[in-house]
Amino acid sequence: MNNLATDGKILFGREESSAEETELFRYLQEAFAAGRLKPGLSVELPAKSQVNNVAGMKQKLKEFQNNLEWIERLDLTNAPAPAAPGMELEGEDDVHNDFTRELRFYRQAQASVLEGIPRLQALDIQTKRPEDYFAEMAKSDDHMKRVREKLLEKQMSIDRREKVRKQRDLRKYGKKVQQEVLLKRQKEKKEMLESVKRYRKGQQDKIDFLNDLDDKSEKPRNKQQRDNKKNRINKKREFKNKKFGFGGQKKRSKMNTASSAGDMSDFNPRLHQKKAGKPKAKMANKRPGKSKRMKNKNKKR
Amino acid sequence: KWTNRNRVLVFSSRGISYRGRHLMNDLRKLMPHSKSESKMDRKDQLFVINEICEMKNCSKCVYFEAKKKEDLYMWMSNCPRGPSVKFLVENVHTMSELKMTGNCLRGSRPLLSFDQDFDKEPHWKLLKELIIQIFGTPNHHPKSQPFVDHVYTFSITDNRVWFRNYQILEEDGSLAEIGPRFVLNPIKMFDGSFGGTTLYQNPKYVSPNEIRRMYRSRGAQKYVHRLNAKKSYEIRRGTGDNTYKSDPTDEVFVTIRPEDAEGRDKNTFFRNT
């Protein structure tokens, strides 16, 4: 069962003899008890021939090794460099955790760089390209421009999202503040009315509360302020209301109904119930009639 | 001054995909000591490659073999008689991906950085030597640049070799990835170049064909599993002797107290108001 041990996977449903099957199941039970069985499909792989010719490999290595100096080979073997204090994620040596894996490779490269650069500088090899050294690069300038644009785009989208989030928070805060102000105003109004009522009823002697009035700078006083967007009358809406509101047009409706006959709004009793009184001062200034004028005409001379 | 006359022949077989082709071109760009060759027909035997190498005066060879237009295999070999290794190439990312932000001089010499696991097993040691000789740019090569501004990392994880190429931005060790990136899964190591006795065979290697077959046969397992489950249920259920014989007429006059009623039976005693 060597192949099973190395792979930890077992196949079901194969045509096996009963003896093999019981042995298989016993092995399975043991593996399960030991916690070696992983969830998922288990497959028995065919027995593979293992070749590990250690002696042959060692000999071959000796044969084809070219023992050149380090400067020709430039190879280094390192453990990963110690990570930054906040990034310690040891113990998560899983291949599938992309972030930790790449970080490990990065740190290995860093360790090599930290070791290699002093060694190179000791051998008088430069590692920094001088500013005026122009040579062909592995990637063209065009390509690098595209890379930069992509990075910029990403940065800008992040910034935009941040801005939108901030605006949204600000609006929420502003709304809350507005509500508080409205409530405060209502409360003050109520208190004022209460104080006036109490004073009128004689429960409160002092009239000091009038001194505490807020200055009327809050209310829009002049017509210009009143006709702001908030207070402007929508003429169109008014017209529509008159035409269609409260049951619609009255123009062509019935004229001689019970309600119209019983409608007394055009009747003013005061016009006919009044008793004759003193002629008012206006009456006194009125122009006299023709006969009176004729009589007085000759009298004036 | 240019003493290390190592030359690497980099080419592929026919039927290679665009990703494999770009990877090959990236390697050619990064290695100034490389020579290219037109595509080889896979019908020819592999030892023909040795002759091609001799004609081009190359001592090393990197050969990309593409099968089924999906799988990419890579051979690394020391041409006249040295060892050769066959890998399965996985997770290929080329240099022209926009997430690889670094850049380096074309033909500059790289630092080669190896994981400590490379010194632990003999097959890794052999592989390390081969990699150094292939990927290391010779000193004072006419097409090389005098500065060392990038580093190759070879690490061993999950029994595979992971390759990364970083640009050295600052002397204190800040790096940017240039690319390409690939993962090599070793299959076999041979004594001779593209042939010979097998020195090492990777026991954990599963060929991509087998993986695809396993995935496809998962559906077939459903039926077999169901049959097995039925069988085991029959076994567990027991035969006539060891089960308790229940008489259906026993339950006809069973009455329970109202306090003991549970769930729907409560409705027989209490009204839902």
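Is Asp124(A) buried or exposed? Asp124(A) is exposed, with a relative accessible area of 70%; buried means under 20% relative accessible area, exposed over 50%, and partly exposed in between, with a 1.4 Å probe and protein chains only.

This is a predicted model, in which local features need pLDDT of at least 70 and side-chain atom pairs count only at pLDDT 80 or more, while totals for chains, interfaces and linings use all residues. Residues are numbered from 1 along each chain as its sequence is written, chains are lettered from A and ligands numbered from 1 in the order in which they are written, and side-chain values use heavy atoms, with hydrogens and water left out.

**Stop 1: chain A**

Select chain A. The chain holds 12 helices and one strand; helices (H or I, at least four residues) and strands (E, at least two) are DSSP runs, numbered from the N terminus. Read from the N terminus, the order is α-α-α-α-β-α-α-α-α-α-α-α-α. Of its 301 residues, 19% count as buried. Chain A exposes about 26600 Å², of which carbon and sulfur atoms supply 52%; accessible areas come from the Shrake-Rupley method with a 1.4 Å probe, and for residues only the protein chains shown count as cover.

Now centre on Asp124(A), in the loop between α5 and α6 (141–200) of chain A. Asp124(A) is not a glycine, yet its phi is positive, at about 65 degrees. Most residues other than glycine have a negative phi, and most peptide bonds are trans.

**Stop 2: the salt-bridge network**

Select Asp98(A), Arg101(A), Glu102(A), Arg164(B), Glu177(B) and Arg181(B), which are linked in a network of salt bridges. A salt bridge is a side-chain nitrogen of Lys or Arg within 4 Å of a carboxyl oxygen of Asp or Glu. Side chains of opposite charge can pair when their charged atoms come close.

Begin with Asp98(A) and Arg101(A), whose side chains meet at 3.2 Å, N to O. These two are three residues apart in helix α5 (residues 98–122) of chain A, and are therefore separated by about one helical turn. Asp98(A) is partly exposed at 45% relative accessibility, whereas Arg101(A) is buried at 9%.

Move next to Arg181(B), which forms a salt bridge with Glu102(A), the closest N and O atoms being 3.4 Å apart. Because Arg181(B) lies in strand β10 (residues 181–192) of chain B and Glu102(A) in helix α5 of chain A, the pair joins two chains. Both Arg181(B) and Glu102(A) are buried.

Beside Arg181(B) in sequence, select Pro180(B), found in the loop between β9 (175–177) and β10 of chain B. The peptide bond from Gly179(B) to Pro180(B) is cis, with omega near -5 degrees.

**Stop 3: Glu129(B)**

Which residue's side chain makes a polar contact with the side chain of Glu129(B)? The partner is Arg73(A), at 3.1 Å. A polar contact is a pair of N or O atoms within 3.5 Å; within protein, one must be able to donate a hydrogen and the other to accept it, and residues adjacent in sequence count only if both atoms are side-chain atoms. Glu129(B) is found in helix α3 of chain B and is buried, at 5% relative accessibility. Leaving aside neighbours within four places in sequence, Glu129(B) is in contact (heavy atoms within 4.5 Å) with Leu61(A), Phe64(A), Gln65(A), Asn66(A) and Arg73(A).

**Stop 4: the nonpolar cores**

A nonpolar core is a set of buried Ala, Val, Leu, Ile, Met, Phe, Trp, Tyr and Cys residues joined through side-chain atoms within 4.5 Å. The largest has 46 residues, and those with the most contacts inside it include Phe64(B), Met74(B), Leu127(B) and Phe182(B). Helix α3 (residues 122–135) of chain B gives the most to this core, with eight residues. Apart from it lies another core, of 19 residues, among them Leu74(A), Leu111(B), Val151(B) and Ile168(B).

**Stop 5: loops of chain B**

Select Lys68(B), in the loop between β3 (60–67) and β4 (71–78) of chain B. Its phi is near 60 degrees, a positive value in a residue other than glycine, and Lys68(B) is exposed at 52% relative accessibility.

Finish at Phe47(B), in the loop between β2 (34–36) and α2 (48–56) of chain B. Phe47(B) is exposed, at 51% relative accessibility. From Phe47(B), measure to Gly192(B): the two are 145 residues apart in sequence and 9.8 Å apart in space, C-alpha to C-alpha.
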